[in-house]
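Please open the structure in your viewer and keep the sequence panel beside it. The tour moves from one selection to the next, with a short account of what is found at each stop.

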Amino acid sequence: MWLLDQWAERHIHQAQEKGEFDNLPGQGQPLALDDDSAVPAELRAGFRLLKNAGYVPPELQARKEALTLAKLLQEIGSEHPDYAELGKRMALLEYRLHQAGMSTDFLHGEYQRALDGKFTREEK
């Protein structure tokens, strides 16, 4: 064990003995760990730091914006004066996602419509 690890462990044990970890939110619950198995081991700490700092890769930011736009376009309808402009923005985002090698099937909702159709038929 490295010196820094030993130092950290000692401070953790001292805090436990003092009861500083008692009554923390989520105590006794399993940790919700992210699946970072696809990230090389030497990059995981750096990626986790970036994620915790609020940084997301541009592709994921574009995906998030595209999902928001898709929902907005569905809600406002084609009669809305901003529909054409939002549609152009959606097309641009979709193009960027394609360039980044990401599928845009999630934007078109075919899977969601298929599920909705299946469940509504089964309920009747």
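Begin by selecting Thr104, which has a relative accessibility of 4% and therefore counts as buried, the cut-off being under 20%. The model on your screen is a predicted one, so please read each stop of this tour as a description of a prediction. Thr104 sits in the loop that runs between helix H4 (83-99) and helix H5 (105-108). Which residues does Thr104 contact, once neighbours within four places in sequence are left aside? They are Glu94, Leu97 and His98. If you display side chains here, you can follow a polar contact of 3.2 Å from the side chain of Thr104 to that of Glu94, and another, of 3.0 Å, that joins the side chains of Thr104 and His98.

Now move the selection to Glu94, one of the partners just named. Glu94 lies in helix H4, and with a relative accessible area of 16% this residue is buried, because that value is under 20%. Not counting residues up to four places away in sequence, Glu94 touches Thr104, Leu107 and His108.

**The whole chain**

Before going on, zoom out and colour the chain by secondary structure. You will find six helices and zero strands, so that the order of elements from the N terminus on reads α-α-α-α-α-α. Of the 124 residues in the chain, 14% are buried, and the accessible surface comes to about 10,700 Å², with 57% of that area belonging to carbon and sulfur atoms. Among contacts between residues at least 6 apart in sequence, 40% join residues that are at least 24 apart.

**Helix H4**

Select H4 next and check its length. At 1.5 Å a residue, its 17 residues should span 24 Å, and the end C-alpha atoms are indeed 24 Å apart, which agrees. The buried residues of H4 are Leu86, Met90, Leu93, Glu94 and Leu97. They cover an arc of only 100° around the axis, which puts them on the same side of H4. An α-helix has 3.6 residues a turn, so residues three or four places apart point the same way. The buried residues of H4 pack against H3 and H5, whereas on the other side of H4 the residues Ala84, Glu85, Lys88 and Gln99 are exposed. Just after H4, look for Gly101, which takes a positive phi of about 85°.

**Helix H3**

Turn now to H3, residues 58-76, whose 19 residues should span 27 Å at 1.5 Å a residue, and whose end C-alpha atoms are 27 Å apart, in agreement with that expectation. Which residues of H3 are buried? Select Ala62, Ala66, Leu69, Ala70 and Leu73 to see them. These residues cover an arc of only 105° around the axis, which puts them on the same side of H3. The partners against which the buried residues of H3 pack are H4 and H5, while the face turned away from the buried side carries the exposed residues Lys64, Thr68, Lys71 and Glu75. Following H3 you will come to Gly77, whose phi is positive, near 80°.

**The nonpolar core**

Next, show as spheres the residues Ala62, Ala66, Leu69, Ala70, Leu73, Leu86, Met90, Leu93, Leu97 and Leu107, which make up the largest nonpolar core, 10 residues in all. H3 and H4 are the elements that give two or more residues to this core, and the largest share, five residues, comes from H3. In soluble globular proteins, nonpolar side chains tend to be buried together. Select Leu107 within this group and, leaving aside its neighbours within four places in sequence, you will find it in contact with Ala66, Leu67, Ala70, Met90 and Glu94.

**Helix H2 and the loop before it**

For the last stops, go back towards the N terminus and select Asn23, in the loop between helix H1 (3-18) and H2. Is Asn23 buried or exposed? At 71% relative accessibility Asn23 counts as exposed, since the value is over 50%. Its phi is near 60°, a positive value in a residue other than glycine. Most residues other than glycine have a negative phi.

Finally, select H2, residues 41-52, where 12 residues at 1.5 Å each should span 16 Å and the end C-alpha atoms are 17 Å apart, which agrees. Just after H2 comes Gly54, with a positive phi of about 95°.

Conventions. Residues numbered from 1 in each chain as written. Predicted model: local features only at pLDDT ≥ 70, side-chain atom pairs only at ≥ 80, totals over all residues. Heavy atoms only, no water. Helix = DSSP H or I, 4+ residues; strand = E, 2+ residues; numbered from the N terminus. Expected span 1.5 Å × (residues − 1). Buried < 20%, exposed > 50% of the residue type's maximum accessible area, 1.4 Å probe, protein only. Contact = heavy atoms within 4.5 Å. Areas by Shrake-Rupley, 256 points an atom, 1.4 Å probe, with all protein chains shown as cover. Polar contact = N/O pair within 3.5 Å; in protein donor to acceptor, adjacent residues only side chain to side chain. Arc of directions from axis to C-beta. Core = buried A, V, L, I, M, F, W, Y, C linked by side-chain atoms within 4.5 Å.
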